[in-house]
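Please open the model in your viewer and keep a cartoon representation at hand, with side chains ready to be switched on. The tour goes from one helix and its surroundings to a sheet and the helices beside that sheet.

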Amino acid sequence: MAEARAGLLSVVGTPIGNLEDASPRVRRVLGEADVVLCEDTRVTGRLMSAFGLHVRLERCDENVMAEKIEGVLERLAAGERVAFVSDAGMPGVSDPGQRLVDAALDAGERVEVVPGPSAVTCALVASGLASEHFFFEGFLPRRRGAQLARLAELAPVPGTLVVYESPRRAAETLANVAEVMPGRRVALVRELTKLHEEVVRGLAPELADEVAAREEVRGECVIVIAAPGVDELAAHRAAAAGPERTLEEEIAAGLAAGEPKSALAKRLAKSFSLPRAGVYDKVVAAAR
């Protein structure tokens with residue numbers, strides 16, 4: 001008697017433009033699946049047709065993900081092989097597929113990742129900016145005020161920033177980057193792996209002006225923002241720490257908090273690199 005087949009959820013990275021980027025493993029796993037879950041059956045249908053594959057497709061985007069998860073888990077428990085893809089790139093990265101993976105793992109089901117192209121890493125490398133440390137933001141808020149606020153929150157991150165953007169909003173977003181981070185080098189990477197792939201780089205204000213002057217920006221865009229320099233990073237950290245208090249202000253705060261005079265003097269003498277006896281005299285005088 002043959003053993004029952006174990007279920008398997010395959011998270012499959014698909015091409016972001018060039019179909020030749022699909023590995024033999026990607027094609028095999030998609031072809032062996034009992035069902036392929038996808039964002040848009042039309043988009044994935046064209047991909048499957050190009051690969052010569054005929055597998056049942058089911059919509060599983062962010063709007064229906066919550067109601068689909070239980071059924072997917074039942075299929076996995078019954079031994080089915082379920083493949084999950086996004087319209088392009090690596091599912092689960094800035095993508096609701098993360099919830100499906102989380103649920104499958106919690107249920108004790110097998111999950112495999114079949115690597116494929118990712119716009120995040122492709123754009124990071126294509127930008128030529130430092131990649132030792134980077135932070136992937138995904139899509140920024142659309143409204144200008146909220147976007148400026150989020151960029152201000154991201155400004156102190158000690159690494160290169162990677163942001164997704166639509167071609168319609170690329171110029172406006174670059175202008176906002178220039179406003180918040182005027183000294184940064186920035187790259188606009190678009191049409192990755194396609195015929196008209198382009199990388200434009202420059203200081204944030206210069207790049208914003210160049211893109212704004214274009215009649216149209218086409219193709220999905222990735223904005224890569226260089227990490228802050230040493231001076232900018234120090235300024236952000238100083239601002240976060242707030243203004244430094246004087247010795248007298250620190251003494252007053254310590255006494256108000258009930259800190260013992262000797263302990264307070266010892267702590268502040270070390271903090272301000274001053275003789276302990278002199279600081280203690282100031283503490284006693286302030287306590288009178």
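**A helix and its cover**

Select helix α10, residues 247-256, and show its side chains: the buried residues of this helix are Leu247, Glu250, Ile251 and Gly254. This is a predicted model, and the picture should be read as such. Look down the axis of α10, where the buried residues fall within an arc of 100 degrees, so they line one face of the helix. Next add α11 (261-272) and α12 (276-287), which are included in what covers the buried residues of α10. Before leaving this region, pick glycine 258, just after α10, which takes a positive phi of about 85 degrees.

**The sheet**

Now select the five strands of the open sheet, which follow the order β6-β7-β10-β8-β9 with mixed pairing. At the edges are β6 (134-139) and β9 (198-203), each of which pairs on one side only, and from one strand to the next the twist averages 15 degrees. Within the sheet, centre on β8 (residues 185-190) and β10 (residues 221-225), which run antiparallel and are joined by five bridges; to see one pair, select arginine 190 together with cysteine 221, its bridge partner in β10.

**Helices on the sheet**

Keep the strands in view and add helix α7 (residues 170-180), which lies across β7 (160-165), β8 and β10, and runs at about 10 degrees to β10. Finally, select helix α8 (residues 204-212), which packs on the sheet and touches β8 and β9, its direction making about 135 degrees with that of β9.

Key:
Residues are numbered from 1 along each chain as its sequence is written. This is a predicted model: local features need pLDDT of at least 70, side-chain atom pairs count only at pLDDT 80 or more; totals for chains, interfaces and linings use all residues. Side-chain values use heavy atoms; hydrogens and water are left out. Two strands pair if DSSP finds at least two bridges between them. Helices (H or I, at least four residues) and strands (E, at least two) are DSSP runs, numbered from the N terminus. Axes are lines fitted to C-alpha atoms, for helices over the stretch in contact, and angles run from 0 to 180 degrees between N-to-C directions. Contact means heavy atoms within 4.5 Å. Buried means under 20% relative accessible area, exposed over 50%, partly exposed in between (1.4 Å probe, protein chains only). The arc is that of the directions from the helix axis to the C-beta atoms.
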